[in-house]
Amino acid sequence: MPQERLSETDICDRFITPALHQAGWLREQILREHAFTAGRITVRGRLVAKGQPRRADYVLLVGQVALAVIEAKDNSHAVGDGMQQALAYAEALQTPFVFASNGDGFVLHDRTGLSEQRESQLSLEAFPAPEELWRRYCRWKGLSDDQQRVALQPYYDGSNRKEPRYYQRNAIQKVVEAIAKGQTRLLLVMATGTGKTFVAFQIIWRLWKAKQAKRVLFLADRNVLVNQTMTNDFRPFGGAMAKLSTSSNTIEKADGSLQELTLALDRQRRIDPSYEIYLGLYQALTGPDERQKLYRDFSPDFFDLIVVDECHRGSAAEDSAWREILEYFASAAQLGLTATPKETKYVSNIHYFGEPIYSYSLRQGIHDGFLAPYKVIRVHLDIDVHGYRPKRGEVDKDGREIEDRQYNQKDFDRVLVIDERTRRVARWITAYLKASGDRFQPTIVFCVDTEHALLMRQALINENQDLVQQHPNYVMRITGNDTEGMLQLDNFIDPLEPMPVIVTTSRLLSTGVDVQTCRLIVLDREVGSMTEFKQIVGRGTRLHAESGKEYFTLVDFRQASNHFADPEFDGEPVQIYEPGEGDPPLPPETGTTSEGEDLDGLEGDGAGDLDGESDLIGGSDGSGGPEQGTGTGPGGEPRRKVYIKGRPVLVLSERVQYLDEQGKLVTESLRDYTRRLVRQQYADLDGFLRRWRGEERKQVILQELAEEGLLLEALQEEVGRELDPFDLICHIAYDQPPLSRAQRAARLRCDVFSRYGPQARAVLEALLDKYATEGVVDELDNVRILAIPPFSQMGTQLQLIREFGGKGGFERAVHDLQAELYREAA
């Protein structure tokens, strides 16, 4: 067969792959048809569709480093036609060398900028060897021989091998190379649910095995995080790893077995220095008293690497006691991990760790299909919109006269409690769960403070009495001052535990708690901090295939979702420090956060607690506002909360919004969404028709639209399954009258087949019938279709193909049929 008639796959098999082998690339260094994303999940209403993953034709590896991408095209294209597509893949995979080919040769694009020409043409025989590309890579990166050894150190490859995703490879490689080159402070920003702990493990493993980091300290701020890390991702470190604690811990692993954690401290708090990987809490290592500063028992140069988990919290503040740990071990490389860098006038991750060495955002995770998308429901209550002003002489439930002023949404449940408002929110949540058809969706309701969480729990229990009768723990309050609620925290986190289902809280669950199955997040308090808002959204972004969780819903009663419109949301972290005249250029050494809050109370009573659980059972739940009816009034005098009963509260409006492909919230129907999406790709009908008629494989166009979020199945359910995808798109996007497949097929039955003999006409008629009844488009020209009924009853494959003058004639006949089939839009 002439080369120009070969398929893209044939071009790869006959020309490109042999050229790679001839250049010295081994089979294990070549990734073919490499899908590096999962395919974006698109949600409209209850309809969910999964897009196609992004797939590179070839990715070439040297060790752990992706050096090159090759995009192949069939020979009807020019040799460099795939370059722009390849460059987009290379940008994501961060490969420096990019190739395009049609089988005649290669076009090379050198992203390092070190070549004489940015793009050059190569023959098939001139494809560079692995050693050549690695040499160029090392020159670009400035890696010495010793640094190259570290850069090539393998990943952990155990029995339960878990391949890093593309962005995890990017993050790991960047950090490993930077530390090998002597960089000592690094910041890694990765959205919640994207595997920061797994990335940290692979970084530590590779540096440890390469002898670049012989002793490592992993710091977290919650006991549960340390325990989970030791029993899950860090488990391969085995006997080289120990926890800096005096309390023995037996942990139940995911498979149900028990594991007792190794401790590096005895009862006298003496450290065993024989371990190589230490994990501990900030609170366990330091405190206000000198005797609590356990970290000083190590020499300042004991550790080669310190990894700081959730570094947006305590370690961000310059005056934090935790910062002294990092400054004491100043000679060690220090890596900060966070989903939400803390950047205020007084607190800065970037000031300490430097600009992020790599970032992977929530928006990118959703677009790639690794994180759950979400829809937002904004509920407006009349009292929130119009506010509340007491009538003259109006009294609260205790008979005290209510201060005469205008109360607004910021006051509700903080200084003024309207019982009907709480009931109305609880009634709405319950109605939503009932309407969804699943009242057992794990749900978190964020409240103003611990008392509000208590009142909300009571209201939800009263709205769900039938289920509470069967399941007493169906609704629970989990706050720092509720011992019974705290005992249910592990059950709520565990995907296999059915109860509790609905949890009310203040700030305790806003960060650091991994509720994989969470499907509903309700905000009934303001969220002033962008950092905290991102953390709250992150509670729902994990996908959970086992329970069928593909997206989650955020219900907003307090306009907290206005943060979506903030350019800072999911943007690159920006340091905010505004020195005035005469101020120093660096952030001040002392101060509080701009929100004036101490999130979760982690810098308070927890200092010096070896088990660090005081971060979970502090009295205030870290809300930063008045608790249990206390607060401060004008002049600093104590202020009591005002409680009002019987004031009616109504829902004024509800609005459902979705996250679009640009990460913006939009309000639109499935039809409007489809129309906008198609018109972004093809501005008018003529442009769409030209592409459709010019593409032999129509499925290519449908796959491209699916990758952008087209919900074809959902659209067919809504508009009509009898419509061809072509007519469905023309009708929705360009207002063309829709034709069913049967109608479209009927228009062809006149003289289209007149130039063929009786047997060939019968085959084409049967193909048209198959299209009309089954909607098959792309498989019609596959000769294997002739081996199934009704074609197999007409003769053998060989006999039927001969009626068309051979395989090529059969394919041309089918393509002519398709061209005629789609000659007109309607």
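**View 1. Two cysteines tucked inside, C311 and C730**. C311 has a relative accessibility of 0%, so it counts as buried (buried means under 20% relative accessible area, exposed over 50%, and partly exposed in between, using a 1.4 Å probe and protein chains only). C730 counts as buried too, at 1%. And how many disulfides does a search of the whole structure find? Zero (a disulfide is a pair of cysteine sulfur atoms within 2.5 Å). Before you move on: this is a predicted model, in which local features need pLDDT of at least 70 and side-chain atom pairs count only at pLDDT 80 or more, while totals for chains, interfaces and linings use all residues. Residues are numbered from 1 along each chain as its sequence is written, and side-chain values use heavy atoms, with hydrogens and water left out.

**View 2. Helix α24, residues 725-734, and its surroundings**. C730 turns up again here, as one of the buried residues of α24. Nine of the 10 residues in this helix are buried, so the rest of the structure largely encloses it. (Helices are DSSP runs of H or I with at least four residues, strands are runs of E with at least two, and both are numbered from the N terminus.) The buried residues of α24 pack against α20, α21, α22, α23 and α25 (contact means heavy atoms within 4.5 Å). Look at the N-terminal end for a cap: a side-chain oxygen of D724 lies 2.6 Å from the backbone nitrogen of F726. After the helix comes D735, with a positive phi near 60 degrees.

**View 3. Strand β5 (residues 65-72) and its partners**. Is β5 mostly covered or mostly exposed? Mostly covered: eight of its eight residues are buried. On one side of the pairing story, β4 (residues 55-62) joins β5 in the antiparallel sense over five bridges (two strands pair if DSSP finds at least two bridges between them). Here V59 stands opposite V69. The two strands form a hairpin with two residues between them, and G63 in the turn has a positive phi of about 60 degrees. β5 also pairs with β6 (residues 97-101), this time in the parallel sense over five bridges, and E71 has A100 as its bridge partner. Put helix α2 (residues 83-93) between β5 and β6 and you get a right-handed β-α-β unit (right-handed: with the strands pointing away from the viewer, the path from the first strand over the helix to the second runs clockwise).

**View 4. D413 in its loop**. Find D413 between α12 (382-386) and β19 (416-418). With a relative accessible area of 3%, D413 is buried. Its side chain makes a polar contact with the side chain of H452, at 3.4 Å (a polar contact is a pair of N or O atoms within 3.5 Å; within protein, one must be able to donate a hydrogen and the other to accept it, and residues adjacent in sequence count only if both atoms are side-chain atoms). Leaving aside neighbours within four places in sequence, D413 also has contacts that include R421, D449 and K641.

**View 5. Helix α14, residues 450-463**. H452 belongs to the buried residues of α14, among them A453, M456 and L460. Those buried residues pack against several elements, including α13, β20 and β25. At the N-terminal end, D449 caps the helix: a side-chain oxygen lies 3.2 Å from the backbone nitrogen of E451.

Methods. The expected span of a helix is 1.5 Å times one less than its number of residues.
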